[in-house]
Amino acid sequence: MTFKYANLLLIIGFGSLSVVSSLLLSSGMLFLLTEVLVIALLAQMWNLLAGYGGMVSLGQQAFVGLGGYGLYVFANHSGLPVWLWIVVVPLMVGVAALPLGMLMFKLKSAYFSVGMWVAAEILAAIVMRTDALGQSGGLVLRPGGESLAGNPERILFAGAGLLLIGTIVGLRVLLNSDLGLALLAMRDGEEAAEAAGVNVRRTNLLIFCIAAAGCAAGGALYYFSTLYIAPTDAFQINWLISMMFVSVIGGVGTLTGPLLGTAVLIAVRETCTSLGLTGGTYWIIMGTIAIATLLILPRGLWPALRSKLHVPKTEKEATIG
Amino acid sequence: MLKTVGISKSFSGVPAADDVSLSLQAGERVGVIGPNGAGKSTLLGLLLGTVLPDRGQILLDGDDVTRLSPHQRVSGGIARAAQIPMTFHRLSVSDNVRVPAVHGAGLRGREAVEWVDEVLEMCGLAASAKVAAGQLGLLSRKRLELAKAIATRPKVLLLDEVAAGLTEPEIETIIHMVETLSEGRAIMWVEHIPFALRSVCERLIVMDKGRKILDGPFAHVWDDPVLQEIYMGVPDDNLS
Ligand SMILES: Nc1ncnc2c1ncn2[C@@H]1O[C@H](COP(=O)(O)OP(=O)(O)O)[C@@H](O)[C@H]1O
Ligand SMILES: [Mg+2]
C-alpha cells in the first residue's frame with residue numbers, strides 16, 4: 001500500500017467511524033470515549049517528544065492544564081465562539097512553549113526531565129494562587145459569560161476523533177518529511193546529525209512546541225467536555241502517567257503503539273472501576289501490568305505484535321508504522 | 001581558505017591542542033600523522049566545531065567561525081568523516097546519505113535524490129542502499145561515513161582514520177575513493193598508514209602532544225629526523 005493511500009484510508013475509515021458512533025452512542029459513553037481519544041492524542045505527543053525526539057519530559061501535564069485554562073479564560077471573556085478557541089489556544093500554547101523550551105534545553109537529559117516537572121509544578125502553583133483563574137476553586141465554562149446551551153459531547157467526540165486522526169496522519173507526513181528524517185537521524189546520534197548539517201537545537205525546539213500545542217489541544221477538548229476546570233485536576237501528574245503508560249506499553253517510537261496502549265489503559269481502568277477498586281489499588285495494578293509487559297516485551301506490545309503479523313520491509317517503515 | 005590561529009584545547013588540564021596555527025589552501029591535500037593521543041582527532045573536531053577551543057581563532061574564507069556550531073560550518077563547506085563511524089544505525093544506507101544531502105548541502109526534490117544516488121555509486125554503496133546502516137560490516141560503515149561527509153558537498157573534507165582497521169586490499173579501495181573525492185576540494189587526512197597518505201597528499205603535518213611539530217612538503221617532512229624520533233619505539237614496518 002502506498003503511503004498516501006494509507007493516509008487517505010485512515011482518514012476516511014476512522015473519520016466516518018467517529019462521526020457515526022457520535023450519533024449512536026449514549027452521552028455517558030461519549031464522554032468516556034472522548035477521554036480515550038484525548039489520552040491517545042496526548043500519548044502521541046509524548047511519544048513524538050520522548051520516543052522520536054529523545055526528550056523525556058515529565059512536565060507535559062503543564063500543557064494540558066494550559067490548554068484547558070486557556071480555553072476557559074478566552075471563551076469566557078471574549079464572546080467569540082468556543083470552537084475558535086479550541087483551535088487558537090493550542091497554537092498560543094505552542095508559541096509560549098518556545099521560550100520555555102529554550103530555557104529547558106540548557107538542561108541535559110535527566111535534568112531536563114526533572115526541570116520540566118518542576119516547571120509544571122510551578123505553573124500549577126501560580127494558577128492556584130491567581131484570583132482571575134478562580135484559585136484552587138477553578139472555573140466554570142461560561143462562553144461569553146453565559147452558561148452553555150445543550151450538551152456538546154456528540155460534536156466534541158467527533159471533533160476529538162477527527163483531531164486524533166489528523167494528528168496521526170500529520171505525524172506520518174512529518175516523519176516522512178525532511179524534518180522527520182532529521183529527527184530520526186538525531187535519534188540515532190545527535191552529534192552525527194549535527195555533523196551532517198542538521199540544526200539539532202532548532203529541530204528539538206520545533207518538536208517541543210508541536211508536542212506542547214498537541215497536549216494543549218487535548219486539554220482544551222477534554223475540559224470543554226467537563227464544563228468545569230480545577231488546577232489540581234488540570235495540572236495533575238496522572239495526565240503524564242497516562243501518556244507514559246500508554247506509550248511505553250504500546251511501544252515507544254511507533255505510531256500504532258500508543259493507540260494499542262490506550263486501549264489497554266482504558267480496559268484496565270474501566271474493569272477496576274466496575275469492580276469497585278479504589279485509586280491506590282488501581283495504580284498498583286497499572287504498575288504491575290506495565291512492569292510485567294516490559295519484562296516480557298521490552299519494546300512494547302505493538303512491535304511484538306507486528307513482528308508476528310508481518311515483517312516491515314525497511315527499518316524506516318518499522319519506525320513510522 | 002581554512003585557517004587556525006593559535007588554537008588550544010585542554011581536557012582536564014592536559015592539552016590536546018596546544019597553540020596550533022595552520023592554513024589550508026583550496027584544493028590542497030594534507031596528511032596528518034602523530035602518535036595516539038597526539039590530538040589529531042581533537043584538531044579535526046575543533047575545525048568542525050564539535051570541540052570548542054579554549055583559545056585561538058578559526059577562519060573559513062576569512063570569516064571567523066570559531067563560535068559557530070557544526071551545522072553552520074557544514075553549510076559553510078566543512079565536513080568530517082569521523083574516526084569511529086557515526087552512522088544512523090536505524091536508517092537505511094540511502095537515508096543516511098540523504099540526511100547530509102538535504103540538511104548539509106541544502107538539496108531538495110529530484111536534485112537530492114540524484115545526488116544521493118551519485119554519492120552511493122561513488123562510494124560503492126549502491127548495492128546496499130536499502131540496508132539498515134546498523135547491519136553493515138566495518139568496511140561498508142567506513143565507506144558510509146565517507147559518503148555522509150561527501151554528501152554535504154564540502155569545500156574542505158576532513159578525514160579521520162577512514163582506512164584504519166581495514167585489510168590492505170580494502171585500504172586500496174579507500175585510497176582510490178579519496179583520490180576521486182579530492183577532485184576540486186581541500187582534504188586533511190589523519191591516518192597512520194604511510195603508503196595511503198603518500199599516494200594522495202602533497203603536504204604532511206606531524207603532531208605530538210597537542211603541538212604541531214612539522215609542516216611542509218610530504219617528502220621533506222617524511223625524511224625529517226624529528227619524525228623518526230617521535231616514532232621511536234614504533235616498529236619500523238609501521239613507517240615504511
Ligand atoms: N572528549 C574528551 N574528553 C576528555 N579527553 C579527551 C577528549 N577527547 C580527547 N581527549 C584527550 O585528548 C588527547 C588527544 O586525543 P585525540 O585528539 O583523540 O588524539 P589522536 O586522535 O591523535 O589519537 C588524549 O589524551 C585524549 O585522551
Ligand atoms: Mg584519533
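## A guided tour, starting at P15(B)

Select P15(B) and show what surrounds it: setting aside neighbours within four places in sequence, P15(B) is in contact with K9(B), S10(B), K209(B) and G210(B). Keep in mind as you look around that this is a predicted model.

**Stop 1: around P15(B)**

Colour strand β2 of chain B, residues 14-24, and you will find P15(B) in it. Is P15(B) buried or exposed? Neither label fits: its relative accessible area is 37%, so P15(B) is partly exposed. Now add A38(B) to the view. A38(B) is 23 residues away from P15(B) in sequence, and their C-alpha atoms are 9.4 Å apart in space.

One of the contacts of P15(B) is K209(B), so let us go there next, because K209(B) counts as exposed at 62% relative accessibility. Look for K209(B) in the loop that links β9 (203-208) with β10 (211-217) of chain B. Its backbone deserves a glance: K209(B) has a positive phi of about 50 degrees, although it is not a glycine. Most residues other than glycine have a negative phi.

**Stop 2: helix α1 of chain B**

Select residues 40-48 of chain B, which form helix α1. How many of its nine residues are buried? Eight of them are, and the helix is mostly covered. To see them, pick K40(B), T42(B), L43(B), L44(B), G45(B), L46(B), L47(B) and L48(B). Then step just past the end of α1(B) to G49(B), where phi is positive, at about 105 degrees.

**Stop 3: helix α9 of chain B**

Move to residues 225-230 of chain B, helix α9, and highlight V226(B) within it. V226(B) counts as partly exposed because its relative accessibility is 32%. Which residues does V226(B) touch, not counting those up to four places away in sequence? They are I213(B) and L214(B). If you also pick V206(B), you can check a distance: V206(B) and V226(B) are 20 residues apart along the chain, with 9.5 Å between their C-alpha atoms.

**Stop 4: F88(B), facing chain A**

Now show both chains and select F88(B), in the loop between β6 (78-81) and α3 (93-104) of chain B. With a relative accessible area of 0%, F88(B) is buried. What does F88(B) touch, beyond residues up to four places away in sequence? From chain A there are A185(A), D188(A), G189(A), A192(A), A193(A) and A196(A). From chain B there are N96(B), V99(B), A133(B) and K148(B). One of these, A133(B), is 45 residues from F88(B) in sequence, and the two C-alpha atoms are 6.4 Å apart.

**Stop 5: across to chain A**

While chain A is on screen, select L227(A), which sits in the loop between α9 (200-226) and β2 (228-229) of that chain. L227(A) is partly exposed, with a relative accessible area of 26%. Its phi is near 65 degrees, a positive value in a residue other than glycine.

Zoom out to take in the whole of chain A, where you can count 15 helices and two strands. Of its 321 residues, 51% are buried. A surface view of chain A shows about 14300 Å² of accessible area, and 71% of this belongs to carbon and sulfur atoms. Among contacts in chain A with a separation of 6 or more, 78% are between residues 24 or more positions apart.

**Stop 6: chain B as a whole**

Hide chain A and look at chain B in cartoon view, with its nine helices and ten strands. Its C-alpha trace spans about 50 × 40 × 35 Å along the principal axes. Chain B has a radius of gyration of 17 Å, which agrees with the value near 18 Å for a compact globule of 240 residues. Buried residues account for 54% of the 240 in this chain.

Switch to the surface: chain B exposes about 10100 Å², with 51% of it supplied by carbon and sulfur atoms. Colouring by charge brings out 25 positive and 30 negative side chains, two sets whose centres lie 8 Å apart.

For a last view, colour chain B by domain. Domain 1 takes in 1-77, 156-167 and 182-240, while domain 2 covers 84-153. Their contact takes ten residues from domain 1 of chain B and nine residues from domain 2 of chain B. The C-alpha centres of these two domains lie 25 Å apart.

Terms used
Residues numbered from 1 in each chain as written. Chains lettered and ligands numbered in written order. Predicted model: local features only at pLDDT ≥ 70, side-chain atom pairs only at ≥ 80, totals over all residues. Heavy atoms only, no water. Buried < 20%, exposed > 50% of the residue type's maximum accessible area, 1.4 Å probe, protein only. Helix = DSSP H or I, 4+ residues; strand = E, 2+ residues; numbered from the N terminus. Rg over C-alpha atoms; globule rule 2.2 N^0.38 Å. Areas by Shrake-Rupley, 256 points an atom, 1.4 Å probe, with all protein chains shown as cover. Lys, Arg positive; Asp, Glu negative; His and termini not counted. Charge placed at Lys NZ, Arg CZ, Asp CG, Glu CD. Domains from an automatic or database assignment. Contact = heavy atoms within 4.5 Å.
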